Amino acid sequence: MYEIGTLAQVIHVVDDLDAADAFYRRFFDGEGFYRGYSPFEKRDASLIAYDDFVVEPMTPAKEAGAEQFPVGRFHKRFGSHLHSIALNVKGVPDLYEHLRSHGVRAVGPGGTDAADIAENPTPSIYTHPKDAHCLLELVDFGPEGHPDSPRTRPGWDAARWRDHPLGLEGVSHITVVVRDVDEATGFFHDVLGCEVVHDDPSTPAGTASRFFRVGSETVVELAQPLRGDGRAAHDLAANGEIVHALTFRVADLDRAAAYVADQAVGVAERRDDTLVLDPAGTFGAIIALTTWRLPVDTGTG
């Protein structure tokens with residue numbers, strides 16, 4: 001049997017790893033705990049933890065042939081953009097077989113064949129975005145996560161970000177833009193068995209959205225654009241179904257806005273309860289800060 005646990009990280013493919021790493025450390029007061037190269041994927045990456053979240057800025061390695069590997073191909077196609085959601089899992093081989101039985105394709109690191117995963121366990125598998133409506137990385141570190149992650153340390157206290165000038169109160173949700181929210185529900189609910197925690201047929205962002213609890217703590221929003229002039233619609237038209245945005249809870253929007261201005265990060269949009277940062281200042285990622293709360297207890301934060 002398999003068990004999907006905590007969020008491992010969200011991967012953000014960027015042009016400049018040093019600059020993106022510095023941004024996440026500075027803006028969110030993040031703590032880096034990994035910087036390295038993967039020969040399986042021909043990529044460089046870092047891992048940065050803050051509050052109840054981990055981000056992995058990643059870029060193709062500067063070496064011949066890197067552009068032929070999955071990260072290189074993604075970067076060539078999409079540029080700097082949120083890439084995937086990585087989840088900690090116990091029993092990746094069982095989950096791989098479960099996915100395969102439902103016609104969901106998955107590969108190992110660097111696009112390798114995962115068919116022999118039971119005999120030769122791989123640290124992670126990656127779903128095909130056309131089958132799963134986004135890239136999911138399912139990481140075989142057990143439900144609690146990577147032993148080197150600061151989030152697994154006894155002394156790690158996300159509450160310290162409440163006193164940060166940004167006033168963070170945890171991650172609210174991760175948005176995946178989809179063509180048809182009901183069709184995408186077939187994967188998240190029927191295949192992965194994720195619970196629907198909220199439905200909104202018309203959000204202020206111009207989407208029909210369904211929110212799922214994925215694993216023990218992560219909330220994923222499936223967002224279907226209802227009109228052609230919003231960020232979600234533009235992302236879907238340009239890039240297809242993809243991880244679209246990150247939304248973090250804050251205690252006070254004016255306080256957060258003052259901090260954003262102090263950090264010289266632009267604002268793309270401000271609504272009554274939500275501030276969307278200018279992607280030009282966040283390496284192509286759509287990052288929102290909100291005082292809005294899901295109208296149910298999701299068990300996060």
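1. Strands β10 (residues 195-200) and β11 run antiparallel and are joined by 5 bridges. The model is a predicted one, and this pair is a convenient place to enter it. Within the pair, E195 has R213 of β11 as its bridge partner. The two strands make a hairpin with 6 residues between them. In that turn, G206 has a positive phi of about 85 degrees.

2. On to the next strand along the chain. Strand β12 (residues 218-225) is also antiparallel to β11, with 8 bridges between them. One pair to look up is A208, whose bridge partner in β12 is Q224. β11 and β12 form a hairpin as well, with 3 residues between the strands. Here G215 takes a positive phi, near 75 degrees.

3. How many of the residues of β11 (residues 207-214) are buried? The count is 8 of the 8, so β11 is largely enclosed by the rest of the structure. Its side chains can be followed in two sets: T207, S209, F211 and R213 point one way, while A208, R210, F212 and V214 point the other way. Both sets are buried. R213, the partner of E195 in β10, belongs to the first set named here, and A208, the partner of Q224 in β12, belongs to the second.

4. An open sheet is found elsewhere in the list of strands. It is formed by 8 strands in the order β2-β3-β4-β1-β5-β8-β7-β6, and the pairing is mixed. Its edge strands are β2 (31-38) and β6 (106-107), each of which pairs on one side only.

5. Strand β1 (residues 3-13) stands between β4 and β5 in the order of that sheet. With strand β4 (residues 53-60) it pairs in the parallel sense, over 4 bridges. Two places to check in β4 are V55, the bridge partner of V10, and E56, which stands opposite I11.

6. What is the sense of the pairing between β1 and strand β5 (residues 81-90)? The two run antiparallel, and 8 bridges join them. At one position of this pairing, Q9 stands opposite A86 in β5. As for burial, 10 of the 11 residues of β1 are buried, so β1 is largely enclosed by the rest of the structure.

7. For the protein as a whole, the count is 7 helices and 16 strands. The radius of gyration is 18 Å, close to the 19 Å that the globule rule gives for 301 residues, so the protein is as compact as a globular protein of that length. Along the principal axes, the C-alpha atoms fill a box of roughly 55 × 40 × 40 Å.

8. Burial and contacts can be read together. Of the 301 residues, 56% are buried. Among contacts with a separation of 6 or more, 64% are between residues 24 or more positions apart.

9. Last, the surface and the charges. The accessible surface comes to about 12,600 Å², and 50% of it belongs to carbon and sulfur atoms. The protein has 27 positive and 47 negative charges, and the mean positions of these two groups are 3 Å apart.

Notes
Residues numbered from 1 in each chain as written. Predicted model: local features only at pLDDT ≥ 70, side-chain atom pairs only at ≥ 80, totals over all residues. Heavy atoms only, no water. Rg over C-alpha atoms; globule rule 2.2 N^0.38 Å. Buried < 20%, exposed > 50% of the residue type's maximum accessible area, 1.4 Å probe, protein only. Contact = heavy atoms within 4.5 Å. Areas by Shrake-Rupley, 256 points an atom, 1.4 Å probe, with all protein chains shown as cover. Lys, Arg positive; Asp, Glu negative; His and termini not counted. Charge placed at Lys NZ, Arg CZ, Asp CG, Glu CD. Pairing = 2+ DSSP bridges.
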